[in-house]
Amino acid sequence: MGVLELIQSLEGHKGRVWNVCWHPSGETLASCGEDKSIRIWMHDKSKWVIKSILLEGHSRTIREVSWSPCGNYIASCSFDATVAIWDQKSGQFECNTTLEGHENEVKSISWSASGQLLATCSRDKSVWVWEVTDDDYECAAVINAHTQDVKKVRWHPEKDILASASYDDTVKIFKEDTSSSDFICVATLASHTSTVWSLSFDKTGNRLVTCSDDQTLKIWHQYEPGNEMGIPTPDNEPVWKCVCTLSGYHSRTVYDVDWCKLTGLIVTSCGDDVIRVFREEDDSDVHQPTFSLVCKLDNAHTQDVNCSQWNPVTPGLIASCSDDGTVKLWSYSD
Amino acid sequence: MASRFSGALQLTTLDDFITPSQECIKPVEIKKNKVKTGTKIKIQDDGTYTEVLEGGPTTKLEKVEITLADCLACSGCITSAESVLVTQQSQEELLKVFKEKMDKQKAGESNFKHIVVSLSIQPILSLAERYKLSPDETALKLSGYFKSMGADVVLDMTVAEDFSLIESAKEFVERYKASKEGSKNQLPMLASSCPGWVCYAEKTHGNFILPYIGVTKSPQQIMGSLVKYHFADLKGLSPEQLYHITLMPCYDKKLEASREDFYNSLKETRDVDCVITAIEIEQMLTQQGKELNDFDEAEIDKPFQEQDQENSTILLGHKGSGSGGYANFIFEYAAKNLFQLPNAKLELKSLRNPDFQEATLEKDGEILLRFAVANGFRNIQNLVQKLKRGKSPYDYVEVMACPIGCLNGGAQIRSQDGAQPRELAAKLENEYHKLPHSDPELNPTVQKLYKSWLDSENSDKAQSFFHTQYHEIEKMNPSISIKW
């Protein structure tokens, strides 16, 4: 069994903390929450300290923050229906662009690997793709594919392929249709029996892990046309199959999941205040993989854990946040 | 089922956890009787609710009905409007009206409604593709189909389209001049013929965008005025004695027909009583086990034309886009009337995506006019954001809520062979451009109607029949919504 060791608890947010995001360098962490602030934390000699507090970008709760792949921008989305883009051209972070268009609460935000596309999703059931050129943001697509609130958007680790998770219990995959340069839904992943709260690609982008209100995790495998398994691919589009369901581990809604690109470990954030880590077994068959729970930390937080994210540079380093108002840093070791 | 509304109308402002049937937030007026206590409400086996008074009588409770007008006046969802539309402007309603008329006629009664059908070009092309007929054949077969059900008159809408183009172009020239004299909020003028776009602007952007939208009515509503207030006159009928049906490429047109602005409360009649779409015609035919080809051809009536006018062409198109060619006509008209450049051509270039195109009018290296065509919701967003940031360089924008425009309207028939919407629309566009063009300024029927119906081109009558207005809809915050 692995061990999760608390490195430090970061206090400062007032009210629940919704989301944390590591800077691509792994040296800085951004967090956001109900207090409408974004807090930026850095490691200073022996401990993590607050570096800056970003205020006045949003008028309601900030649901998610995301560092751009170049590390120069922070995008934040809020229940005030807007998206804010923060840059530090003046030396400190300032919000210089606000993206409007969603009808109501924006739930999630994600930069594509190239940094040239930004995706957002909302309670208005739509997924939007914004095209970024210099500091100009143009709406490239408004996709009305989901029938309910969309909870999460995440880009493929390399390609311009987008995945979204929704209250309609499905995950959808989108890619650009070259003739119209519009994004279209190319796959619907249906198997969860309740809201899909979050998802994460593995480092290849060929697999996805999703987590749900149905208290399960599901692993999905992408089968390309002409795959060796002979799985049919209608319209010459890759097909996503659910190849593994992890049930019986979580006792409440699983709010977030992150698949580590360095170690292949999966960390989950759950409404039962527990952080869990799963490892794929060594003899696992990719078409029928097996995962085992390698760490379960009870009372990691005193309330719902909203988000946990692996550090992109330091293996085993996790940041988590919770309704209890704290951000916590953990070190995982086997 | 895919929605037949344009994408712009599919976004809602409602709560997360409420499904469409529950999501209406319109407060309901409750008629209060005398104060009663101790009543119980029972649900009967058939699902109806009855009120049981203490010790006795039961009364069946009435269901609260939300009308389409309620929906349009509300800042909430638009999806519940869909179910309302189904009852008020449905195929069933249409068939009922036809049947009533035929029954009354058979019984020798004279108080039946005269039924007029107006055909727009986009659904004709859609049906032509579906039934492998030429556009002209399709129009004649449609006329035969409607007349077999009891329609008295079947009209094509070229004259209304021509009026809409001319009036829009005149409005643009006036706005341009006013803008040069320092008047604010004149330019860019934004197209007014797409009800999906207009409805979205009213609900979401209110008084910021509305002043820019042209006040010229869409062809459908000009046709409505023409049929109810001129054709009726010619026939010696009152507007309410006519039932006017239009054939359109999208459901949004049903919303437009239902606007209070197009309702005559004195006569209790709408300019357009019922909007039917290509996809619904296909369904009606399928239900009867028929194809359009099974019907005899009947002529398209031309009640407004001079007797001696050449009558060889059946359908006409317009230069420019398949959405009616607004940018094209206004561009050429403005070049001629504002800059004395009679041979200007609108040459559109795609920007980041093929649904946002731009063209300029230049003279001696100077840009005189900058036009754009913005189709689909994403480009409406980009346009609105440009306007909000004061970065719109345009004088006129043809805005349509559907990607590709009206030929790809939400209620056009989907491809039979699995082709992408864009391929199908390209096919229809090709057919559209093969049609002989109408030149609105040279259309003798237009000139005749300006005189015989409207007294003159700029009369008050012309103003009122050709122009409309928009209404900001204030956002309601339902009390149940929780603010984090």
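**Local geometry, sheets and helix packing in chains A and B**

In chain B, B:Pro188 is found in the loop that connects helix 6 (158-180) with strand 6 (189-190). The structure described here is a predicted model. The peptide bond that leads from B:Leu187 into B:Pro188 is cis, and its omega is near 0°.

A second loop of chain B, between strand 14 (396-400) and helix 13 (421-434), holds B:Ser415. A polar atom of the B:Ser415 side chain lies 2.9 Å from the backbone nitrogen of B:Ala419. For the backbone nitrogen of B:Gly418, the distance to a polar atom of the B:Ser415 side chain is 3.3 Å. The side chain of B:Ser415 thus has polar atoms at these distances from the backbone of B:Gly418 and of B:Ala419.

Chain B also contains an open sheet of four strands, in the order 5-4-7-10, and the pairing in this sheet is parallel. Strand 5 (153-156) and strand 10 (274-277) are the edge strands; each has a single partner strand, so one side of each is left without a neighbour in the sheet. On average, and with direction ignored, neighbouring strands of the sheet are turned by 25° against each other. Within the sheet, strand 4 (residues 114-119) and strand 7 (residues 242-248) of chain B are joined in the parallel sense by six bridges. B:Ser118 has B:Thr246, in strand 7 of chain B, as its bridge partner.

Two helices of chain B lie across strands of this sheet. Helix 3 (residues 91-106) of chain B lies across strand 4, strand 7 and strand 10, and its direction makes an angle of about 145° with strand 7. Helix 10 (residues 278-287) of chain B lies across strand 7 and strand 10, running at about 75° to strand 10. Strand 7 and strand 10 of chain B are therefore crossed by helix 3 as well as by helix 10, where contact means heavy atoms within 4.5 Å.

Helix 3 and helix 10 of chain B also pack against each other, at an angle of about 65° and with their axes 11 Å apart. The crossing of helix 3 past helix 10 in chain B is right-handed. On the side of helix 3, the contact is made by B:Gln91, B:Leu94 and B:Leu95, which meet B:Glu280, B:Gln283, B:Met284 and B:Gln287 of helix 10. By type, the residues of this contact between the two helices comprise three nonpolar, three polar and one charged.

Chain A has a secondary structure of zero helices and 28 strands. A compact globule of 334 residues would have a radius of gyration near 20 Å, and the value of 19 Å for chain A agrees with this. Taken along the principal axes, the box filled by the C-alpha atoms of chain A is roughly 55 × 50 × 30 Å.

An open sheet in chain A is formed by four strands in the order 1-28-27-26, with antiparallel pairing. Strand 1 (3-10) and strand 26 (305-310) of chain A are at its edges, and each pairs on one side only. From one strand to the next, the twist of this sheet averages 25°. Strand 26 pairs with strand 27 (residues 317-322) of chain A in the antiparallel sense, over five bridges. In this region, A:Ser308 is placed opposite A:Ser320, a residue of strand 27 of chain A.

Elsewhere in chain A, the loop between strand 19 (207-212) and strand 20 (217-223) contains A:Gln215. The phi angle of A:Gln215 is near 70°, which is a positive value in a residue other than glycine.

Conventions:
Residues numbered from 1 in each chain as written. Chains lettered and ligands numbered in written order. Predicted model: local features only at pLDDT ≥ 70, side-chain atom pairs only at ≥ 80, totals over all residues. Heavy atoms only, no water. Pairing = 2+ DSSP bridges. Axes fitted to C-alpha atoms, helices over the stretch in contact; angles between N-to-C directions. Left-handed = near helix turned anticlockwise from the far one by under 90°. Nonpolar A, V, L, I, M, F, W, Y, C, P; charged D, E, K, R; others polar. Polar contact = N/O pair within 3.5 Å; in protein donor to acceptor, adjacent residues only side chain to side chain. Rg over C-alpha atoms; globule rule 2.2 N^0.38 Å.
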